[in-house]
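This report describes how the parts of one protein model are arranged and how they meet. Please keep the sequence and the coordinates in view while reading.

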Amino acid sequence: YTALGAGLPFLIFDLLKLYGHVNFGERYLLYSVSVAGISVGIMQYLLLKPYSTKAINWIPLSLVGWVCAALTVIAINSSMQYIKQPLLGFIVNLSLILAGGIVLGLITGSFIAKTKFVKNA
């Protein structure tokens, strides 16, 4: 569900850009990730629903997690303006890219840790 929910919005945005001549500009990644976060959240909610009455909270939490993760990648644009030394820039930018997964995991993982999942009969 994660691959489908995240991949499909990017495919749609790419097709709109290519064939619909829609220009999203610098916000392309943010728009794509926002729709992907909601899409993933809905699909994963369907999996979580039988196990928790709080599963509906997964949808907005997924959106927040995915957007915050994308913001770490978007921060690379700013870092490139301030860091002129290539090796340091590489290390900082790689760290920002990898931080996205950590941020997503911390945000969504907090929900998983707090929620008691039981099979509803």
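## Where H2 meets H3

In this predicted model, the H2 side of the contact with H3 is made up of Leu29, Leu30, Val33, Ser34, Gly37, Ile38, Val40, Gly41, Ile42, Gln44, Tyr45 and Leu48, and these residues meet Trp58, Ile59, Ser62, Leu63, Trp66, Val67, Ala70, Leu71, Val73 and Ile74 of H3. The two helix axes come within 7 Å and cross at roughly 145 degrees, and the crossing of H2 with H3 is right-handed.

Trp58, one of the H3 residues in this contact, is buried, because its relative accessibility is 7% and the cut-off for burial is under 20%. Its side chain is joined to that of Gln44 by a polar contact of 2.8 Å. Setting aside residues up to four places away in sequence, Trp58 touches Gly41, Gln44, Tyr45 and Leu48, and it also touches Thr108, Phe111 and Ile112. The C-alpha atom of Trp58 is separated by 9.9 Å from that of Leu46, which is twelve residues away along the chain.

## Overall architecture

The protein contains four helices and zero strands, so that its pattern along the sequence reads α-α-α-α. Along the principal axes, the C-alpha trace spans about 60 × 35 × 15 Å. Of the 121 residues, 30% count as buried, and among contacts between residues at least 6 apart in sequence, 64% join residues at least 24 apart.

## H1, H2 and the loop between them

Helix H1 covers residues 2–19, and its axis comes within 8 Å of the axis of H2, with a crossing angle of roughly 145 degrees. This crossing, too, is described as right-handed. On the H1 side the contact is made by Thr2, Leu4, Gly5, Ala6, Pro9, Phe10, Phe13 and Asp14, while the H2 side contributes residues including Tyr28, Tyr31, Ser32, Val35, Ala36, Ser39 and Met43. Leu29, Val33, Val40 and Gln44 of H2 are likewise part of the contact with H1, and these four residues are also listed in the contact with H3.

His21 is found in the loop between H1 and H2. Its phi is positive, at about 55 degrees, although His21 is not a glycine. The residue is exposed, because its relative accessible area of 68% lies over the 50% cut-off.

## Helix H3

The 25 residues of H3 should span 36 Å at 1.5 Å a residue, and the end C-alpha atoms are 37 Å apart, which agrees. H3 nevertheless bends by about 25 degrees at Ile76, a residue that is itself buried. The other buried residues of H3 are Trp58, Ile59, Ser62, Gly65, Val67, Ala69, Ala70, Thr72 and Ser79, and what covers the buried residues of this helix includes H2 and H4.

Thr72, which is placed in H3, counts as buried because its relative accessibility is 13%. A polar atom of its side chain lies 3.3 Å from the backbone nitrogen of Gly100. Thr72 also touches Leu96, Ala99 and Val103 in addition to Gly100, when residues up to four places away in sequence are not counted.

## Helix H4

H4 runs over residues 86–114, and its 29 residues reach 42 Å from the first C-alpha to the last, close to the 42 Å expected at 1.5 Å a residue. At its N-terminal end H4 is capped by Gln85, whose side-chain oxygen lies 3.0 Å from the backbone nitrogen of Leu87. Further along, the helix bends by about 30 degrees at Thr108, one of the residues touched by Trp58.

The buried residues of H4 are Gly89, Asn93, Gly100, Leu104, Ile107, Thr108 and Phe111, and they pack against H2 (28–48) and H3 (58–82). Buried or exposed: which describes Ile102? Ile102, although found in H4, is exposed, because its relative accessible area is 56% and the cut-off for exposure is over 50%. The C-alpha atom of Ile102 is separated by 9.8 Å from that of Gly65, 37 residues away along the chain.

How values were computed
Residues numbered from 1 in each chain as written. Predicted model: local features only at pLDDT ≥ 70, side-chain atom pairs only at ≥ 80, totals over all residues. Heavy atoms only, no water. Expected span 1.5 Å × (residues − 1). Bend = angle between axes of the 7 residues up to and from the residue. Buried < 20%, exposed > 50% of the residue type's maximum accessible area, 1.4 Å probe, protein only. Contact = heavy atoms within 4.5 Å. Polar contact = N/O pair within 3.5 Å; in protein donor to acceptor, adjacent residues only side chain to side chain. Axes fitted to C-alpha atoms, helices over the stretch in contact; angles between N-to-C directions. Left-handed = near helix turned anticlockwise from the far one by under 90°.
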